[in-house]
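Here are some short exercises to work through with the model open beside you. Try each task before you read its solution.

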Amino acid sequence: MKEKKDNLRWCLRQAKGLQLSEKNQNLVEVYLRKSRSALNMLNAAIEKQEYEWILDTSYYAKYFAIYALFMKVGIKCEIHDCTISALKVLFVEEKLVPYDVYDELKKSKELRIGALYYNKEFGKKQIIIRANKTADFCLKVEEIVENISEANIKKIREKIANL
């Protein structure tokens, strides 16, 4: 647990890292729209068998859904690794988000990095597996965004403030 908190403390010290911000329902809606748009583009990429675009749109549909949740709580973070770490420590460990949501986002990012920087033919089967989970992932996160309570939002914001 100390290592996870140390990682979040590092994220808090970065210029574009983890920060508390004002809760912003307009940005919640913007990021949910971006997630849905990426999901639409994912379907087009699958139809055309454009694996790099399948990988990117699948990841960003998921990432934008999570970022909508962050905006709902009033968390800003432009470092993807920090967003994913914060998702685990602040939401999964508090049992507000299921572990499989965190795990899916993390696997999608790792697959994207692996394919982007190391091997363009890397993991076509894995790309399709990740892509096929995208719609359910996004729906699950949207439901969490809609239903998170003010008490839970306050608890998460206090947890960040006390790091």
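A nonpolar core is a set of buried Ala, Val, Leu, Ile, Met, Phe, Trp, Tyr and Cys residues joined through side-chain atoms within 4.5 Å. Keep that in mind for the first exercise, and remember that this is a predicted model.

**Exercise 1. The nonpolar core**

Find how many residues the largest nonpolar core has, and which elements contribute to it.

Solution.
- Step 1: Start with the core itself. The largest one has 52 residues, and Ile75, Phe91 and Ile156 are those with the most contacts inside it.
- Step 2: Now look at the elements. Those that give two or more residues to this core are α1 (2–13), α2 (25–48), α3 (51–73), α4 (80–92), α5 (99–117), α6 (124–132), α7 (134–147) and α8 (150–161).
- Step 3: Ask who gives the largest share. That is α3, with 14 residues.
- Step 4: Zoom in on Ile156. Leaving aside residues up to four places away in sequence, Ile156 touches Val73, Ile75, Leu90, Phe91, Leu96 and Ile148.

**Exercise 2. The overall fold**

Write down the order of helices and strands, then decide how the radius of gyration of the protein stands against the globule rule.

Solution.
- Step 1: Count the elements: there are eight helices and two strands.
- Step 2: Follow them along the sequence, and the pattern reads α-β-α-α-β-α-α-α-α-α.
- Step 3: Check the radius of gyration. The value is 16 Å, close to the 15 Å that the globule rule gives for 163 residues, so the protein is as compact as a globular protein of that length.
- Step 4: Add the dimensions. The C-alpha trace spans about 45 × 30 × 25 Å along the principal axes.
- Step 5: Turn to contacts. Of those with a separation of 6 or more, 73% are between residues 24 or more positions apart.

**Exercise 3. Surface and charge**

Describe what the protein exposes and where its charges lie on average.

Solution.
- Step 1: Begin with burial: 45% of the 163 residues count as buried.
- Step 2: The exposed area is about 9000 Å², and carbon and sulfur atoms supply 50% of this area.
- Step 3: There are 30 positive and 23 negative charges, and their mean positions are 4 Å apart.

**Exercise 4. A lysine in a helix**

Is Lys159 buried or exposed?

Solution.
- Step 1: Locate Lys159, which is found in helix α8.
- Step 2: Apply the cut-off: buried means under 20% relative accessible area. Lys159 has 18% relative accessibility, so this lysine counts as buried.
- Step 3: List what Lys159 touches beyond four places in sequence: Val89, Leu90, Glu93 and Glu94.

**Exercise 5. Three loop residues**

Place Gln49, Lys95 and Ser149 in their loops and give the accessibility class of each.

Solution.
- Step 1: Gln49 lies in the loop between α2 and α3. Its phi is near 55 degrees, a positive value in a residue other than glycine. With a relative accessibility of 55%, Gln49 counts as exposed.
- Step 2: Lys95 sits in the loop between α4 and α5. Phi is positive for Lys95 too, near 65 degrees, and this residue is again not a glycine. Its relative accessible area is 73%, so Lys95 is exposed.
- Step 3: Ser149 belongs to the loop between α7 and α8. Here the relative accessibility is 27%, so Ser149 counts as partly exposed.
- Step 4: Finally, pair Ser149 with Val73. The two are 76 residues apart in sequence, and their C-alpha atoms are 9.6 Å apart in space.

Note on methods
Residues numbered from 1 in each chain as written. Predicted model: local features only at pLDDT ≥ 70, side-chain atom pairs only at ≥ 80, totals over all residues. Heavy atoms only, no water. Helix = DSSP H or I, 4+ residues; strand = E, 2+ residues; numbered from the N terminus. Rg over C-alpha atoms; globule rule 2.2 N^0.38 Å. Buried < 20%, exposed > 50% of the residue type's maximum accessible area, 1.4 Å probe, protein only. Contact = heavy atoms within 4.5 Å. Areas by Shrake-Rupley, 256 points an atom, 1.4 Å probe, with all protein chains shown as cover. Lys, Arg positive; Asp, Glu negative; His and termini not counted. Charge placed at Lys NZ, Arg CZ, Asp CG, Glu CD.
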